[in-house]
Amino acid sequence: MSAPALVTVAHGTRVAVGNRVAAAITAKASRRLAVPAQGSYVELCDPGWPVTDEQRAVLASGDLGWAAGTVGAVARDAQGRLAAATSTGGTMGKRRGRVGDSPLIGAGTWADDDTVAVSCTGDGEAIIRIAMAHEVEALVRLRGMGVEQACAEALRELERRGGHGGLIAVSAAGEVAAQFSSPGMTRGWRVGDGPVHTAVGAG
Ligand code: ASP
């Protein structure tokens, strides 16, 4: 078997892959391929190594814009159990060590089998201030709102605190919502064996 090659993936971590994979990657993104490894399977590279010229230009312009790297999921299983998960790269130009809303239960993520599962994206500091995911749950549980209405109300509250964002939610009854006050939010959903729906902008 030929020696593995080192490939840099997310966050500057180089991982070993077989030569066939390396060749496929090389064909698409040769500048991301490092030299063949000498038995070392994982190695850290300089944190600046994956930074592209395009990213440098955005940072230099001061127009940090929208991070657009957050991935959220909510699910209701056949027994009616609810789950939510959120992962993010944070916001562009963030301070070292910043913790946003995504990993904070109640802020960016919440699930309760009795009510609703919620995952949020957007301005993390404002989302934390209003505990947005839990806010949706509280509106459903205490005010008897449907998830559509509860998500809309939570987004209004976010805007009152100067934030923009979006959220996805599924209720204990299987009602699905995906709403946002940002320019767009890539999203998809499926109910049972029904069709897969996807959307990016409004509508
Ligand atoms: N909410 C994330 C954060 O503030 C960013 C995002 O959703 O794009 O870290």
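Helices and strands here are DSSP runs, a helix being at least four residues and a strand at least two, numbered from the N terminus. With those labels, Asp113 can be placed in the loop between β7 and β8. The model on screen is predicted.

**Stop 1: Asp113**

Select Asp113, in the loop that joins β7 to β8. Is this residue buried, partly exposed or exposed? Its relative accessible area is 38%, so Asp113 is partly exposed, as the class runs from 20% to 50%. Now add Ala83 to the selection and show the C-alpha atoms. Asp113 and Ala83 are 30 residues apart along the chain, and their C-alpha atoms are separated by 7.9 Å.

**Stop 2: Gly93**

Go next to Gly93, which sits in the loop between β6 (82-87) and β7 (109-111). Gly93 has 52% relative accessibility and therefore counts as exposed, the cut-off being over 50%. Select Gly62 as well. The C-alpha atoms of Gly93 and Gly62 are separated by 9.0 Å, with their positions 31 residues apart along the chain.

**Stop 3: the ligand**

Select the ligand and show the residues around it. How many residues make up this surrounding group? There are 11, and those that come nearest are Thr70, Arg98, Asp101, Thr121 and Gly122. Sorted by class, the shell holds one nonpolar, eight polar and two charged residues.

Three contacts can be picked out one at a time:

- Arg98: an N or O atom in its side chain is 2.7 Å from an oxygen atom of the ligand.
- Asp101: a polar atom of its side chain lies 2.6 Å from a ligand nitrogen atom.
- Gly124: here a backbone N or O atom is the partner, 3.1 Å from an oxygen atom of the ligand.

Now consider the surface of the ligand. Taken alone, the ligand exposes 270 Å², and the protein buries 99% of that area.

**Stop 4: the second largest pocket**

Hide the ligand and turn to the second largest pocket, which holds about 670 Å³ of space. Which residues should be selected to find its centre? Of the 32 residues in the lining, Gly72, Ala73, Ile168, Arg187 and Gly188 are the closest to the centre.

Colour the strands next. Two or more lining residues come from each of β5 (71-76), β8 (116-122), β9 (165-171), β10 (176-180) and β11 (187-189). Strand β5 gives the most, with six residues. By class, the lining of this pocket is made of 17 nonpolar, 12 polar and three charged residues.

**Stop 5: two residues of β5**

Stay with strand β5 and select Gly72, which is found in it. Gly72 has a relative accessible area of 35%, so it is partly exposed. Add Arg187 to the view. Along the chain Gly72 and Arg187 are 115 residues apart, while their C-alpha atoms are separated by 9.2 Å. Both residues were picked at the previous stop, among those closest to the centre of the second largest pocket.

Then select Ala75, also placed in strand β5. Ala75 counts as partly exposed because its relative accessibility is 40%. Its C-alpha atom is separated by 9.4 Å from that of Ala111, a residue 36 positions away along the chain.

**Stop 6: Ala131**

Finish at Ala131, in the loop between α3 (124-130) and α4 (132-143). What is the phi of this residue? Ala131 has a positive phi of about 45°, although it is not a glycine. For comparison, most residues other than glycine have a negative phi. The relative accessibility of Ala131 is 28%, so this residue counts as partly exposed.

Definitions and conventions: Residues numbered from 1 in each chain as written. Predicted model: local features only at pLDDT ≥ 70, side-chain atom pairs only at ≥ 80, totals over all residues. Heavy atoms only, no water. Near = heavy atom within 4 Å. Polar contact = N/O pair within 3.5 Å; in protein donor to acceptor, adjacent residues only side chain to side chain. Areas by Shrake-Rupley, 256 points an atom, 1.4 Å probe, with all protein chains shown as cover. Nonpolar A, V, L, I, M, F, W, Y, C, P; charged D, E, K, R; others polar. 1 Å grid on protein atoms, 1.4 Å probe; cavity = no way out; pocket = protein on both sides within 12 Å on 5 of 7 lines; lining within 4 Å. Points joined across faces, edges and corners; volume = space filled by probe spheres on them. Buried < 20%, exposed > 50% of the residue type's maximum accessible area, 1.4 Å probe, protein only.
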